[in-house]
Amino acid sequence: MATSRSSILLLVSILLLITLSNVAEAYGRGKLRSSECNPKCSYRCSATSHKKPCMFFCLKCCSKCLCVPPGTYGNKQVCPCYNNWKTKEGGPKCP
């Protein structure tokens with residue numbers, strides 16, 4: 001009886017850890033390494049016709065914020081630093 005109880009407790013603990021790691025991965029988007037910026041920005045800028053300036057600013061923003069929003073457009077709310085960095089004119093700095 002004690003063995004089955006400890007087995008169930010172990011199983012529940014493992015499932016809880018897996019769930020928490022998935023949640024942490026989903027919300028831990030501000031934790032990129034600078035070596036991960038290039039592939040993330042390449043995808044982020046893949047749909048634009050202005051690839052050079054997009055890559056320049058995306059890499060600059062990624063190196064400062066350590067975050068690149070998912071997708072090729074929008075979703076900036078996922079990366080507050082990336083979203084809130086503005087130009088002198090008040091427009092968005094990061095693509």
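**View 1. Six disulfides hold this predicted model's cysteines in pairs**. A disulfide here is a pair of cysteine sulfur atoms within 2.5 Å. Count the bonded cysteines in sequence order and the pairing reads 1-7, 2-5, 3-4, 6-12, 8-11, 9-10. This is a predicted model, so local features need pLDDT of at least 70 and side-chain atom pairs count only at pLDDT 80 or more, while totals for chains, interfaces and linings use all residues. Residues are numbered from 1 along each chain as its sequence is written, and side-chain values use heavy atoms, with hydrogens and water left out.

**View 2. Cys 41 meets Cys 58**. Their sulfurs sit 2.2 Å apart. The S-S torsion is about -85 degrees, so this disulfide is left-handed. Cys 41 belongs to helix H2 (residues 37-44) and Cys 58 to helix H3 (residues 51-65), 17 residues apart. Helices are DSSP runs of H or I, at least four residues, numbered from the N terminus. Both cysteines are buried, meaning under 20% relative accessible area (exposed is over 50%, partly exposed in between; 1.4 Å probe, protein chains only).

**View 3. Cys 65 hooks up with Cys 81**. Here the S to S distance is 2.1 Å, and -60 degrees about the bond makes the link left-handed. The pair connects helix H3 with helix H4 (residues 80-84). Cys 65 is buried at 10% relative accessible area, whereas Cys 81 is partly exposed at 33%.

**View 4. Cys 67 and Cys 79 pair up in a loop**. Their sulfur atoms are 1.8 Å apart. Both cysteines lie in the loop between H3 and H4, so the disulfide ties together parts twelve residues apart in sequence. Cys 67 is buried at 3% relative accessible area, and Cys 79 is buried at 2%.

Key:
Helix = DSSP H or I, 4+ residues; strand = E, 2+ residues; numbered from the N terminus.
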